[in-house]
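Trainee: I would like a close look at one part of this model, with the terms explained as they come up.

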Amino acid sequence: MTEQDTVGTYLAGYAGILTAACATGRRLTRGEREALRAQGERAAEAGVGLRVLVRAHLAAAQDVRAGLRGAAADHLLAAVEEAVDAFAEGHERAQRLAIRREEAARREFIDDLLHGRSGLGHVAERAERFGLLLSHAHAVAVAEGPEPYDDGFAETRRVESSLAARFGDRRILLTTKDGRLICIAPGDQDDVLTFFAKQAYAATDGGRVAIGRSHPGVGGVVHSYEEALNALALAERMHLDGPVLRAADLLVYPVLTRDRQAMADLVRTVLGPLRAARGGARPLVDTLTAYFDTGCVAAEAARRLSLSVRAMTYRLERIHQLTGADPGDPVHRYTLQTAVIGARLLGWPDEEI
């Protein structure tokens, strides 16, 4: 069947509707309009484009016009306008429904993929439809900003357009989940996730992006996604600087908290005496945090805390007096710094441990 024959299938009854309407100068009946809408829906479901169909309707109207005279011919334009409008309404309605179904299928797939639900084989079969080959390793980047984001948001479209323009038809999946932007890319294409991080940071007005490590298979996507989420949570708790976090650079933190009880004992034993200081432990814990974050440069730590160098030196001496550990001593420094990291992870001294 030729394209013309295919298009003609969806014009069945159209000429008769025009002729009948023009004969008396009436508007199309409800039944005629509904029949045209139904034709439009069927054409959309068959994948026939609306522009081709509209041209065919106009060409068919020209044939009808050849047999009309007088007032009947004058009424043709109004009848054509009403008929094509009804047909297009049906076509667009079917397209919207198809889009909603596709979005629902995509959202279900994303949920199954990122949460490890459904059978792994079933997820892998559906993945190629959305551009992923889960037989390969993948890495996941997650971006969050001051506001939640969804698929239809301008920020999401901006990042998606940038990725499409830069990487074309590479197997990349951009989506949203729980108000965050998510990019899934092949594990050997770190340039994709780096570019996504840059675009997401700009689109979210200075948000933060975490990139999980590359892992193989369907379970690897879940693993990488969870690593990225954990990195974001860790950054929030630890007040880590920098807009882009890589899970590979933060592996020491899960190791330190694997035995929570041991870490709590270390924090209480090493830093517990700081509670005896005037103002409590918090100012001195912040002092140690700044001191270690600046590479143990007292002058820079003092600047960060808006203190004089003399006041900073006094605080470090006070810490030495209370804990018996000297922040300037290499042996003591490791124990103090580990305890400070543990305090930040456990929320001490603001929370009891």
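What is the volume of the second largest pocket?

Mentor: The second largest pocket has a volume of about 310 Å³, where volume is the space filled by probe spheres set on grid points joined across faces, edges and corners. A pocket is an open set of points on a 1 Å grid over the protein atoms alone, where a 1.4 Å probe fits and protein lies on both sides within 12 Å along at least five of seven lines; lining residues have an atom within 4 Å of a point. The model is predicted: local features need pLDDT of at least 70 and side-chain atom pairs pLDDT 80 or more, while totals for chains, interfaces and linings use all residues. Residues are numbered from 1 along each chain as its sequence is written, and side-chain values use heavy atoms, leaving out hydrogens and water.

The lining of the second largest pocket has 16 residues, and those nearest its centre are Glu-227, Asn-230, Leu-250, Leu-251 and Pro-254. Two elements, helix 10 and helix 11 (252-257), each give two or more residues to this lining; helices (H or I, at least four residues) and strands (E, at least two) are DSSP runs, numbered from the N terminus. Helix 10 gives the largest share, 6 residues. Sorted by class, the lining has 9 nonpolar, 3 polar and 4 charged residues. Here Ala, Val, Leu, Ile, Met, Phe, Trp, Tyr, Cys and Pro are nonpolar, Asp, Glu, Lys and Arg charged, and the others, including Gly, polar.

Helix 10 also belongs to the surroundings of the largest pocket, which holds about 460 Å³ of space. That pocket is lined by 20 residues, and Met-238, His-239, Asp-286, Thr-289 and Arg-344 lie nearest its centre. Helix 10, helix 13 (282-293) and helix 16 (330-346) are the elements that give two or more residues to this lining. Here the largest share, 6 residues, comes from helix 13. The classes are 7 nonpolar, 3 polar and 10 charged residues.

One residue of helix 10 (residues 217-238) is Ser-224. Ser-224 counts as buried because its relative accessibility is 0%; the cut-offs are under 20% for buried and over 50% for exposed, with partly exposed in between (1.4 Å probe, protein chains only). Apart from neighbours within four places in sequence, Ser-224 is in contact (heavy atoms within 4.5 Å) with His-138, Ala-139, Val-140, Gly-212, Arg-213 and His-215.

Charged side chains also pair elsewhere: the whole structure has 22 salt bridges, each a side-chain nitrogen of Lys or Arg within 4 Å of a carboxyl oxygen of Asp or Glu. One of them joins Arg-27 to Glu-82, with 3.4 Å between the closest N and O atoms. Arg-27 is in the loop between helix 2 (14-24) and helix 3 (30-45), and Glu-82 is in helix 6 (residues 76-115), 55 residues away in the chain. Arg-27 is exposed because its relative accessibility is 62%, whereas Glu-82, at 13%, is buried. Glu-82 also meets Arg-33 in a salt bridge, at 3.7 Å from N to O. Arg-33 is in helix 3 and Glu-82 in helix 6, so this pair ties together parts that are 49 residues apart in sequence. With 23% relative accessibility, Arg-33 is partly exposed.

Between strands, Glu-144 and Arg-180 form a salt bridge of 3.2 Å, N to O. Glu-144 belongs to strand 1 (residues 137-144) and Arg-180 to strand 3 (residues 180-186), so the bridge ties together parts 36 residues apart in sequence. Both ends are partly exposed: Glu-144 has a relative accessible area of 24%, and Arg-180 has a relative accessibility of 23%. Finally, a network of salt bridges links Glu-34, Arg-37, Glu-41, Glu-89 and Arg-93.
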